[in-house]
Amino acid sequence: MKDVFARLASDFLSAIIFLVIYLVTDNVILATSVAIAGAVAQVIYARIKGQQLNFMTYASVALVVVLGAVTLLTNDPRFMLAKPSIAHFAIGAIMLKRGWMLRYMPPIVTETVPEYVTAAGYAWAALMFAIGAGMIFVASTGDLKLWAFYITVVAGGAKILAFAVQYVVLRLIVTSRRRAAARA
């Protein structure tokens with residue numbers, strides 16, 4: 001679990017840097033410049049440490065640089081605020097692959113209710129698309145406090161709630177099917 005949070009923090013470091021500096025200084029140029037430098041520094045640091053970087057890391061840095069450049073040229077923070085939505089759309093597209101979630105489930109679930117796991121995978125894809133669309137809408141307002149609330153409370157809360165609902169539903173269905181099988 002610690003690795004998951006470390007990876008999430010790493011993936012969103014440039015957005016976190018941008019948000020903190022922008023909130024403290026109200027200077028979009030400074031916040032964007034430091035966020036771009038931070039994203040590039042992350043890649044350089046990982047390469048020096050000999051860490052293998054994947055496609056998503058490079059795509060994330062490219063997005064920070066491109067959207068950061070547009071933000072710098074227009075002096076408009078909305079481009080940097082839209083970056084996490086692109087990640088949500090990409091993840092949602094990946095989640096459209098049939099059965100992607102099966103490998104993350106315990107054997108008892110995959111053996112008992114694989115069709116429900118597949119349906120849950122599609123539900124997660126829909127959630128990612130909805131969060132991404134909401135993020136673009138909120139970013140387009142340019143209201144940084146609303147964006148910070150949305151990305152932390154709304155997007156984070158929706159994912160936690162979806163995970164909890166999925167856990168409870170799958171547990172109830174698996175238990176019900178196993179009891180029915182034991183009686184038969």
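**Exercise 1. Is Trp100 buried, partly exposed or exposed?**

Work out the class of Trp100 from its relative accessibility in this predicted model, then describe its surroundings.

*Step 1.* Start with the number: Trp100 has 21% relative accessibility.

*Step 2.* Bring in the cut-offs: buried means under 20%, exposed means over 50%, and partly exposed is what sits in between. At 21%, Trp100 therefore counts as partly exposed.

*Step 3.* Now find Trp100 on the chain. It's in the loop between α5 and α6, where α6 covers 107–112.

*Step 4.* Look at who Trp100 touches. Setting aside neighbours within four places in sequence, its contacts are Met95, Gly121 and Trp124.

*Step 5.* For a sense of scale, pick Gly38, which is 62 residues away from Trp100 along the chain; the two C-alpha atoms are 32 Å apart.

**Exercise 2. Compare two residues of helix α8.**

Find Gln166 and Arg171 and decide how each one should be classed.

*Step 1.* Gln166 is in helix α8, and Arg171 lies in helix α8 too.

*Step 2.* The relative accessible area of Gln166 is 12%, so Gln166 is buried.

*Step 3.* Arg171 comes out at 52% relative accessibility, so Arg171 counts as exposed.

*Step 4.* What does Gln166 touch, not counting residues up to four places away in sequence? Its partners are Met101, Met105, Ala120 and Trp124. You've met Trp124 already, as a contact of Trp100.

*Step 5.* Arg171 also gives you a long distance to check: its C-alpha atom is separated by 44 Å from that of Gly68, 103 residues apart along the chain.

**Exercise 3. How do α7 and α8 run relative to each other?**

Use the helix axes to describe how this pair is arranged.

*Step 1.* Two packed helices are described by the angle between their axes and the distance between the axes.

*Step 2.* Here α7 spans residues 114–141 and α8 spans residues 144–183. Their axes come within 11 Å and cross at roughly 170°.

*Step 3.* Angles over 145 degrees count as roughly antiparallel, and α7 and α8 are therefore roughly antiparallel to each other.

*Step 4.* Sort the residues of the α7 and α8 contact by type: 21 are nonpolar, three are polar and three are charged.

**Exercise 4. Which residues have the most contacts inside the largest nonpolar core?**

Name them, then say which helices feed the core.

*Step 1.* The largest nonpolar core has 41 residues, and Phe18, Val109, Ile131 and Trp147 have the most contacts inside it.

*Step 2.* At least two core residues come from each of α2, α3, α4, α5, α7 and α8. The largest share, ten residues, is supplied by α7.

*Step 3.* Zoom in on Trp147. Beyond residues up to four places away in sequence, it touches Leu19, Leu81, Pro84, Met135, Val138 and Ala139.

*Step 4.* For background, in soluble globular proteins nonpolar side chains tend to be buried together.

**Exercise 5. Which loops hold Asp26 and Asn75, and what are their phi values?**

Look up both residues and class their exposure.

*Step 1.* Asp26 lies in the loop between α2 and α3, while Asn75 is found in the loop between α4 and α5.

*Step 2.* Asp26 isn't a glycine, yet its phi is positive, at about 55°. Asn75 is also a residue other than glycine, and its phi is positive too, near 60°.

*Step 3.* With a relative accessible area of 60%, Asp26 is exposed. Asn75 is partly exposed, with a value of 48%.

Definitions and conventions
Residues are numbered from 1 along each chain as its sequence is written. This is a predicted model: local features need pLDDT of at least 70, side-chain atom pairs count only at pLDDT 80 or more; totals for chains, interfaces and linings use all residues. Side-chain values use heavy atoms; hydrogens and water are left out. Axes are lines fitted to C-alpha atoms, for helices over the stretch in contact, and angles run from 0 to 180 degrees between N-to-C directions. Helices (H or I, at least four residues) and strands (E, at least two) are DSSP runs, numbered from the N terminus. Angles under 35 degrees count as roughly parallel, over 145 as roughly antiparallel, 65 to 115 as roughly perpendicular and the rest as oblique. Ala, Val, Leu, Ile, Met, Phe, Trp, Tyr, Cys and Pro count as nonpolar, Asp, Glu, Lys and Arg as charged, and the others, Gly among them, as polar. A nonpolar core is a set of buried Ala, Val, Leu, Ile, Met, Phe, Trp, Tyr and Cys residues joined through side-chain atoms within 4.5 Å. Buried means under 20% relative accessible area, exposed over 50%, partly exposed in between (1.4 Å probe, protein chains only). Contact means heavy atoms within 4.5 Å.
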